[in-house]
Amino acid sequence: MLPALALQAFGPSSDTLRKIPNTSFQSGEVLQYKVHYGVINAAEATIEVADDLHRINERPCYKATVTGRTTGSFDLFLRIRDTWRSYIDTTSILPQKFFRNIEENHYRKKETVDFDHLRDVAEVEKRGKDKDDVKRGTYKVPDNVQDLVSAFYYLRTLNYDQRRMGEVIRVQGFFDEEVFAMEVMYRGRETVTTKAGTIRAIKLVPKLPSNKLFKGENAVSVYLSDDRNKVPVLIQAELVLGAVKVDMYKYKGLKSRLNLVARNQ
């Protein structure tokens, strides 16, 4: 568990950012996933919070990193090595900095977003494969805006006990130089089977924009463990050309005990 002194070392906060209680995650948490396309083991992903806090914009932050890579036969024709990282304010659960490094076959892109929540702006720097291909821009963003990584951690801090079936949670997001309204529907509780065990879970369904990849706006289901951690244990997506399952198989550094019904043999 993160000692209180580690937070105090950064000094008191003196601004007006919101305060979000967090009993769900901590430094040192590591979650590992297998990604299946149909019956094929297509990729692996890791979501981890660094052991140490980082100081960004004079704020103590968690460094949360999501990495994904294709494996096996998928790696032969669609090589992916992606890294997404968010520096998340420990008090407000808002991103202070976002980083994305995309390597997909011959495509390359590096992006850094610096958030200023007092002025409600995001400063973006993008770099392509060519070292001279650099683009910068400043964008107006709404209050309490999230990037895609920090948004998942924010959803983990919420209390779902009093939520009504079908209730929609709205989060303001910023991605790819655009502000968007993220809508996530609460769909109750289920018990799901993962490679880490059988787990009681909270079901969330994010509303998707119209696209040619997914089967409708409710094609993705996210399952958070029904305990204080609210760990994403399973993600299922219905695509136009098949189905994808992101299945947690290993974890460590959780803040609380995982709500397992029974372990897989």
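This passage describes the overall make-up, the internal cavity and selected side-chain contacts of a predicted protein model.

The fold of the predicted model comprises three helices and 16 strands. Of the 265 residues in the protein, 46% are buried. Contacts between residues at least 6 apart in sequence were examined for their span along the chain, and 49% of them join residues at least 24 apart. The surface exposed by the protein amounts to about 14,200 Å². Carbon and sulfur atoms supply 51% of this exposed area.

Internal empty space was considered next. Rolling a probe the size of a water molecule over the atoms shows where such space is left. A search of the whole structure returned one cavity of 30 Å³ or more, and the volume of the largest cavity is about 30 Å³. Its lining consists of Phe98, Glu111, Val113, Phe115, Asp147, Phe174, Phe175, Asp176 and Glu177. Two elements, strand 7 (107–116) and strand 10 (168–175), each give two or more residues to this lining. Strand 7 provides the largest share, with three residues. By residue class, the lining of the largest cavity holds five nonpolar and four charged residues, and no polar ones.

Salt bridges were then counted across the model. Side chains of opposite charge can pair when their charged atoms come close. The count comes to 21 salt bridges. One network of salt bridges links Arg100, Lys109, Glu111, Lys126, Asp176 and Glu177. Among the members of this network, Glu111, Asp176 and Glu177 also appear in the lining of the largest cavity.

Within the network, Glu111 forms a salt bridge with Lys126, and the closest N and O atoms of the pair are 3.8 Å apart. This pair links distant parts of the chain, with Glu111 in strand 7 and Lys126 in strand 8 (residues 121–127), 15 residues apart. Glu111 and Lys126 are both buried.

Two further salt bridges involve residues that are exposed or partly exposed. Arg55 pairs with Glu58, with 3.1 Å between the closest N and O atoms. Arg55 has a relative accessibility of 40% and therefore counts as partly exposed. Glu58 has a relative accessible area of 59%, so this residue is classed as exposed, the cut-off being over 50%. In the other pair, the side chains of Glu123 and Arg119 meet at an N to O distance of 3.7 Å. Glu123 is partly exposed because its relative accessibility is 38%. Arg119, with a relative accessible area of 46%, is likewise partly exposed.

The surroundings of one residue in strand 6 were also examined. Asn101 lies in this strand, which spans residues 95–104. Its relative accessibility is 14%, and Asn101 therefore counts as buried, the limit being under 20%. When residues up to four places away in sequence are left out, Asn101 touches Arg81, Asp82, Thr83, Lys109 and Lys110. One of these contacts, Lys109, is also a member of the salt-bridge network that includes Glu111 and Lys126.

Key. Residues numbered from 1 in each chain as written. Predicted model: local features only at pLDDT ≥ 70, side-chain atom pairs only at ≥ 80, totals over all residues. Heavy atoms only, no water. Helix = DSSP H or I, 4+ residues; strand = E, 2+ residues; numbered from the N terminus. Buried < 20%, exposed > 50% of the residue type's maximum accessible area, 1.4 Å probe, protein only. Contact = heavy atoms within 4.5 Å. Areas by Shrake-Rupley, 256 points an atom, 1.4 Å probe, with all protein chains shown as cover. 1 Å grid on protein atoms, 1.4 Å probe; cavity = no way out; pocket = protein on both sides within 12 Å on 5 of 7 lines; lining within 4 Å. Points joined across faces, edges and corners; volume = space filled by probe spheres on them. Nonpolar A, V, L, I, M, F, W, Y, C, P; charged D, E, K, R; others polar. Salt bridge = Lys/Arg side-chain N within 4 Å of Asp/Glu carboxyl O.
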